[in-house]
Protein chains: 2
Amino acid sequence: MASDHTFQAPTGTRDFYPTDLNRLRYVTEAWRRTSIVHGFDQIDGPTFEHLDLYTVKSGEGIVSELFSFERAGGEKTYALRPEFTPTLARMYAARANALPRPTRWFCTPSFFRAERPQRGRLREFTQWNCDILGDDSVQADAELIACAVESLRALGLSPEHVKVRISHRGAVEQMLTKRGVEPERHAEYFGLLDKVGKISNDAFIEAARKLGMDAPEAVKLLATMAQTTRYEAPTTQVMLHQETPGAPAEYFRALFAALDQLDASEWCVLNLGIVRGLAYYTGMVFEIHEANGAERAIAGGGRYDRLIELFGGPPTPAVGFGMGDVVLSLVLQDRGLMPTDDQIADRLGLRPDAMIFSNGTPEADALVPRVAAALRREGLHARRSAKSTRNVGKLLQDAAKARARFAVIVESDTLATIKDLASGRQEQVPIGEVPPWLRRL
Amino acid sequence: MASDHTFQAPTGTRDFYPTDLNRLRYVTEAWRRTSIVHGFDQIDGPTFEHLDLYTVKSGEGIVSELFSFERAGGEKTYALRPEFTPTLARMYAARANALPRPTRWFCTPSFFRAERPQRGRLREFTQWNCDILGDDSVQADAELIACAVESLRALGLSPEHVKVRISHRGAVEQMLTKRGVEPERHAEYFGLLDKVGKISNDAFIEAARKLGMDAPEAVKLLATMAQTTRYEAPTTQVMLHQETPGAPAEYFRALFAALDQLDASEWCVLNLGIVRGLAYYTGMVFEIHEANGAERAIAGGGRYDRLIELFGGPPTPAVGFGMGDVVLSLVLQDRGLMPTDDQIADRLGLRPDAMIFSNGTPEADALVPRVAAALRREGLHARRSAKSTRNVGKLLQDAAKARARFAVIVESDTLATIKDLASGRQEQVPIGEVPPWLRRL
């Protein structure tokens with residue numbers, strides 16, 4: 001009854017075999033642990049939402065990027081979540097009055113985009129989201145960026161490997177105003193500006209021309225956007241004043257001072273080329289990139305002070321970011337910072353405590369499952385050899401290959417030998433003493 | 001720009017606020033830890049699959065229970081996964097030759113059913129799956145059941161609260177044969193038999209009549225299926241011989257002996273009423289139920305020795321189960337076994353190590369973020385009070401309310417007071433000593 005199908009995972013999705021899943025968990029556990037020490041509480045929402053949760057914010061244009069569907073015979077249209085912010089805004093708005101101010105939330109679920117898969121961009125991916133709601137301070141912006149930075153530091157990255165590029169919607173708007181773009185048309189330009197670096201300069205200039213900006217102004221805009229500089233107080237203030245006369249220069253000064261306090265400023269640069277395509281940002285925006293500009297953005301976020309209201313909640317300042325697993329894992333691999341499978345297994349607490357087998361006598365054979373069960377009930381990770389051999393030497397090799405700390409050889413219905421596979425030391429103990437004996441070590 | 005929509009989660013899905021998410025994690029972490037100590041490796045697959053992955057196994061009938069969709073402009077039809085076994089079979093078949101024998105896999109992702117939501121049955125739920133592939137032994141069946149049992153024991157349940165009801169497709173077939181049902185028609189009956197306990201006896205008798213079984217035989221069948229007995233060797237063998245003359249009586253004897261060795265037999269009963277609706281089971285089948293029969297099944301599974309072949313792999317014996325979070329959480333709540341939110345937070349390692357605030361002087365204020373960042377970089381969970389007061393007494397109350405272990409009061413740019421909030425003891429230490437001081441405790 002074999003089938004004529006060859007079944008495969010859908011394009012742009014992944015099968016996670018054990019070592020793949022452990023590599024993903026190595027990243028997501030770093031995210032989770034970083035979130036917790038920074039005082040964020042974990043939440044989650046449905047994997048799919050009503051489609052209009054996304055269209056109310058982003059317009060109908062987003063529909064082609066979504067996996068949307070209806071229940072058979074149902075009238076409502078749903079979509080797999082492409083990002084977390086609308087769910088978060090909906091959840092916050094529903095309980096705004098009962099929630100602490102500030103509220104600090106994180107999550108690490110799966111998201112979905114119906115786009116053509118490319119390097120660093122899949123149709124299903126895991127993304128970490130951190131958000132601080134109800135706090136409009138520069139300090140909140142800095143803490144949020146520092147939280148992202150600390151997760152990267154925990155994964156072995158340094159400011160040589162990655163850079164946080166920081167901008168501000170106010171500064172971007174000033175750049176556009178200086179080039180003669182009316183405020184009503186700024187939103188149209190954000191989508192175009194967000195493409196810088198992804199499309200050629202010629203394509204940018206042509207697209208800007210279609211929006212009504214002449215080529216010399218577009219070239220100047222590109223030049224300003226390409227500047228990526230460490231923040232140095234007087235120099236940067238002068239630059240900002242020239243490029244974006246009404247820009248939030250004081251904001252940048254305060255932000256970089258706060259980042260400095262959090263020991264994160266070395267990771268950060270000012271780059272007015274960071275715009276973020278999404279319409280909902282209202283203030284600071286940032287992206288984290290591989291330092292040489294390789295790969296897509298590792299993370300992106302910013303301040304969105306008007307979104308909670310849009311979802312029916314009270315006016316609530318908010319700042320957040322998302323960091324996906326796909327690009328981050330590529331950067332870790334490219335930089336040689338993804339630990340080996342064994343190292344990851346050790347860090348995730350997956351190394352077996354004991355491999356259990358018998359010396360080959362029938363009464364010992366019969367006791368192996370019982371000893372394994374007793375160890376497991378004590379919280380010890382006990383494996384049994386899959387080898388059918390009765391050769392104790394071969395079984396010990398098998399235990400070493402499984403990287404068990406101890407081999408437990410059942411010798412009779414009363415005695416077992418415990419062998420420390422690192423030191424080679426061994427000891428005979430009564431069967432009933434095996435769990436407490438291993439527990440102590 | 002407030003919207004006229006009131007946004008809500010789709011019917012049958014859940015928003016997980018922090019305490020909800022922690023309760024879910026309390027359950028999933030028990031599953032994960034139990035899986036690991038039992039030697040299972042974690043895997044995962046895509047959240048959606050090609051629709052035909054499900055129809056090849058279950059026929060077109062399943063489509064109405066699925067959330068299925070197409071990509072805009074795409075030709076392939078996808079479905080949100082309603083269960084894990086087809087994904088697991090696909091993944092195993094694709095790498096069968098490279099995988100160890102036996103392979104022990106687990107996962108705890110979300111699944112989706114487009115049914116009407118009911119108590120214990122939602123449209124999105126989390127489910128733990130454990131499978132042993134490449135091992136046809138009774139011992140594998142017993143270890144799999146014991147793994148499910150140990151997770152329940154770890155969550156505080158006992159054999160008084162829940163029972164594992166065990167049956168065998170061979171025994172069910174014999175019951176049908178004894179009632180005059182031809183082997184070719186057994187599959188038709190499995191779906192009906194699976195409804196016992198969910199529909200009335202009258203409805204069952206009427207449905208059986210439509211399949212061609214007369215009422216007296218249907219009544220006898222119901223009586224046999226209702227028997228739920230502890231396995232006692234001679235008595236049970238006689239019963240099995242009477243009810244299902246060709247039944248795998250020897251199999252049950254060996255299974256219960258193996259369960260006894262694993263200290264799990266007290267949780268288990270023989271119940272030929274367990275059929276499992278799915279067509280793919282070939283041997284032992286089981287369900288775990290609340291002991292009084294309240295709620296739907298907590299878990300269900302069994303042996304499926306022909307499925308891997310159906311997905312293009314080599315003939316591979318396999319046994320597995322799924323356990324959902326929804327019914328299990330209801331049972332824990334009903335039995336008063338769901339710990340308090342504080343207890344869960346403690347078990348998940350979420351209790352703050354330190355709450356940091358200043359004594360109110362400007363130089364101390366300025367140092368608070370720096371001290372918090374230093375603690376976090378050491379892996380310590382540091383929170384800052386959201387209170388804007390400068391009243392140290394109020395701030396200490398706030399720290400106690402957040403259940404922080406220590407309050408760190410920055411006193412100047414060189415000194416901090418560390419107060420143990422349990423004992424009330426306090427000590428002044430140099431600012432730079434705060435992280436190692438807390439690390440040691």
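# Briefing on a predicted two-chain model

In chain A, residues 24 or more positions apart account for 67% of the contacts with a separation of 6 or more, where two residues are in contact if their C-beta atoms, placed from the backbone, lie within 7 Å. This is a predicted model, in which local features need pLDDT of at least 70 and side-chain atom pairs count only at pLDDT 80 or more, while totals for chains, interfaces and linings use all residues. Residues are numbered from 1 along each chain as its sequence is written, and chains are lettered from A and ligands numbered from 1 in the order in which they are written.

**Chain A as a whole**

- Chain A holds 16 helices and 17 strands, which are DSSP runs numbered from the N terminus, with H or I and at least four residues for a helix, and E and at least two residues for a strand.
- The C-alpha trace of chain A spans about 90 × 60 × 50 Å along its principal axes.
- Of the 441 residues of chain A, 46% count as buried; a residue is buried if 20 or more other C-beta atoms lie within 10 Å of its own, exposed if 12 or fewer, and partly exposed in between, with C-beta atoms placed from the backbone.
- Chain A is divided into domain 1 (24-39 + 95-105 + 131-341) and domain 2 (351-440), with bounds that come from an automatic or database domain assignment.
- The centres of domain 1 of chain A and domain 2 of chain A, taken over C-alpha atoms, are separated by 54 Å.

**How the two chains meet**

- The contact between the chains takes 70 residues from chain A and 70 residues from chain B.
- On the side of chain A that touches chain B, helix α14 (residues 362-377) of chain A gives the most, with 5 residues.
- The residues on that side of chain A divide into 35 nonpolar, 18 polar and 17 charged, where Ala, Val, Leu, Ile, Met, Phe, Trp, Tyr, Cys and Pro count as nonpolar, Asp, Glu, Lys and Arg as charged, and the others, Gly among them, as polar.
- Because 100% of the interface residues of chain A are also interface residues in chain B, the copies meet through the same surface.
- A turn of 180 degrees and a shift of 0.0 Å along the axis lay chain A on chain B with an RMSD of 0.0 Å, the copies being superposed by least squares on the C-alpha atoms of residues with pLDDT of at least 70 in both.
- The two copies are therefore related as by a two-fold rotation axis, and in chain A the C-alpha nearest this axis is that of F69(A), 2.6 Å from it.

**The three-stranded sheet in each chain**

- In chain A, 3 strands form an open sheet in the order β2-β4-β3, with antiparallel pairing; two strands pair if DSSP finds at least two bridges between them.
- β2 (48-50) and β3 (68-70) of chain A stand at the edges with a single partner strand each, so one side of each is left without a neighbour in the sheet.
- Neighbouring strands of this sheet in chain A are turned by 35 degrees against each other on average, direction ignored, with axes that are lines fitted to C-alpha atoms, for helices over the stretch in contact, and angles that run from 0 to 180 degrees between N-to-C directions.
- β3(A) is joined by 3 bridges to the antiparallel strand β4 (residues 77-80) of chain A, and S68(A) has A79(A) as its bridge partner in β4(A).
- Chain B also has an open, antiparallel sheet of 3 strands in the order β2-β4-β3, whose edge strands, β2 (48-50) and β3 (68-70) of chain B, each pair on one side only.
- In chain B, 3 bridges join β3(B) to the antiparallel strand β4 (residues 77-80), where E70(B) stands opposite T77(B).

**Strand β5 of chain B**

- Strand β5 (residues 103-107) of chain B is mostly covered, as 5 of its 5 residues are buried.
- Both faces of β5(B) are covered, with T103(B), W105(B) and C107(B) buried on one side and R104(B) and F106(B) buried on the other.
- Strand β1 (residues 41-42) of chain B runs parallel to β5(B) and is joined to it by 2 bridges, with Q42(B) opposite F106(B).
- Strand β7 (residues 124-133) of chain B runs antiparallel to β5(B) and is joined to it by 5 bridges, with C107(B) opposite N129(B).

**A loop residue in chain A**

- R425(A) is found in the loop between β16 (415-420) and β17 (426-430) of chain A, and R425(A) is exposed, with 9 other C-beta atoms within 10 Å.
- The C-alpha atoms of R425(A) and F406(A), which are 19 residues apart along the chain, are separated by 9.9 Å.
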